[in-house]
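This report is meant for a reader who is meeting this structure for the first time. It begins with the whole chain and then turns to the interior, a pocket and a few single residues.

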Amino acid sequence: MIQRLYFSIQGRSSRQFYWLFGILPFSVLGFLLGGFFALNPVNPNTVIRVLFLFIVLSLWPMLAMQIKRWHDFGQSGWLSLLSMIPYVGIVVWIAVGCIPGTKGENGYGADPLASSK
């Protein structure tokens, strides 16, 4: 389940699923990590290494969730590369989470909301 959730780029993902399992966990972990380093003075090189590791490890799962969101409204997952553009990326992350998916099946799979009804 975890592999399909965070590492697979196949299929579609609903908006709720994207926010609850794609954005929220990594945002909370990032804030907690940043808060930990703010409250506990450590070597700046250690902070940089740990934050870099966190970004590297969370990049693919977050992109995989975004690709599935693009699939949900019938677009190519390659459009997720727009999120790599500075300043534009945050708008893309938010917009992808707000645009409703196509109803019914599309070229990327069944409607993720259809099975929950």
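## Burial and overall form

Of the 117 residues in the protein, 32% are buried. The model is a predicted one, and its accessible surface comes to about 7,800 Å², with 72% of that area belonging to carbon and sulfur atoms. Taken along the principal axes, the C-alpha atoms fill a box of roughly 50 × 30 × 20 Å.

The protein has four helices and zero strands, so that its pattern, read along the sequence, is α-α-α-α. Among the contacts with a separation of 6 or more, 73% are between residues 24 or more positions apart.

## Confidence of the prediction

The mean pLDDT of the protein is 87, and 93% of the residues score at least 70. Among the elements, helix H4 (residues 88–98) has the highest mean, at 92, whereas helix H1 (residues 2–6) has the lowest, at 67.

## The nonpolar core

In soluble globular proteins, nonpolar side chains tend to be buried together. Here the largest nonpolar core holds 12 residues in all, namely Tyr6, Tyr18, Ile23, Phe26, Met62, Leu63, Met65, Trp70, Phe73, Val92, Trp93 and Val96. Helix H2 (15–39), helix H3 (44–72) and H4 are the elements that give two or more residues to this core, and the largest share, four residues, comes from H3.

One member of the core, Trp70, can be followed through its contacts. Leaving aside neighbours within four places in sequence, tryptophan 70 is in contact with Gln75, Ser76, Gly77, Leu79 and Ser80, and also with Val92 and Val96, two residues that themselves belong to the core.

## The largest pocket

The largest pocket has a volume of about 440 Å³. It is lined by 16 residues, and those closest to its centre are Ser27, Leu59, Met62, Ile90 and Trp93; of these, Met62 and Trp93 are also listed in the largest nonpolar core. The elements that give two or more residues to the lining are H2, H3 and H4, and H3 provides the largest share, with six residues.

## Two buried residues

Proline 61 has its place in helix H3, and it counts as buried because its relative accessibility is 4%, where the limit for burial is under 20%. Not counting neighbours within four places in sequence, proline 61 is in contact with Tyr6, Phe7 and Phe26, and two of these, Tyr6 and Phe26, appear in the largest nonpolar core. Proline 61 and serine 8 are 53 residues apart along the chain, yet their C-alpha atoms are separated by 8.4 Å.

Serine 14 is placed in the loop between H1 and H2, and its relative accessibility of 12% means that this residue, too, counts as buried. When residues up to four places away in sequence are set aside, serine 14 touches Arg69, Asp72, Pro112 and Leu113.

## An exposed loop residue

Tyrosine 87 lies in the loop between H3 and H4. Its relative accessibility is 77%, and therefore it counts as exposed, the cut-off being over 50%. Although tyrosine 87 is not a glycine, it has a positive phi of about 70°.

Definitions and conventions:
Residues are numbered from 1 along each chain as its sequence is written. This is a predicted model: local features need pLDDT of at least 70, side-chain atom pairs count only at pLDDT 80 or more; totals for chains, interfaces and linings use all residues. Side-chain values use heavy atoms; hydrogens and water are left out. Buried means under 20% relative accessible area, exposed over 50%, partly exposed in between (1.4 Å probe, protein chains only). Contact means heavy atoms within 4.5 Å. Accessible areas come from the Shrake-Rupley method with a 1.4 Å probe; for residues, only the protein chains shown count as cover. pLDDT is the predictor's confidence in each residue, from 0 to 100. A nonpolar core is a set of buried Ala, Val, Leu, Ile, Met, Phe, Trp, Tyr and Cys residues joined through side-chain atoms within 4.5 Å. On a 1 Å grid over the protein atoms alone, a cavity is a set of points where a 1.4 Å probe fits but cannot get out, and a pocket is an open set with protein on both sides within 12 Å along at least five of seven lines; lining residues have an atom within 4 Å of a point. Grid points are joined across faces, edges and corners, and a volume is the space filled by probe spheres set on the points.
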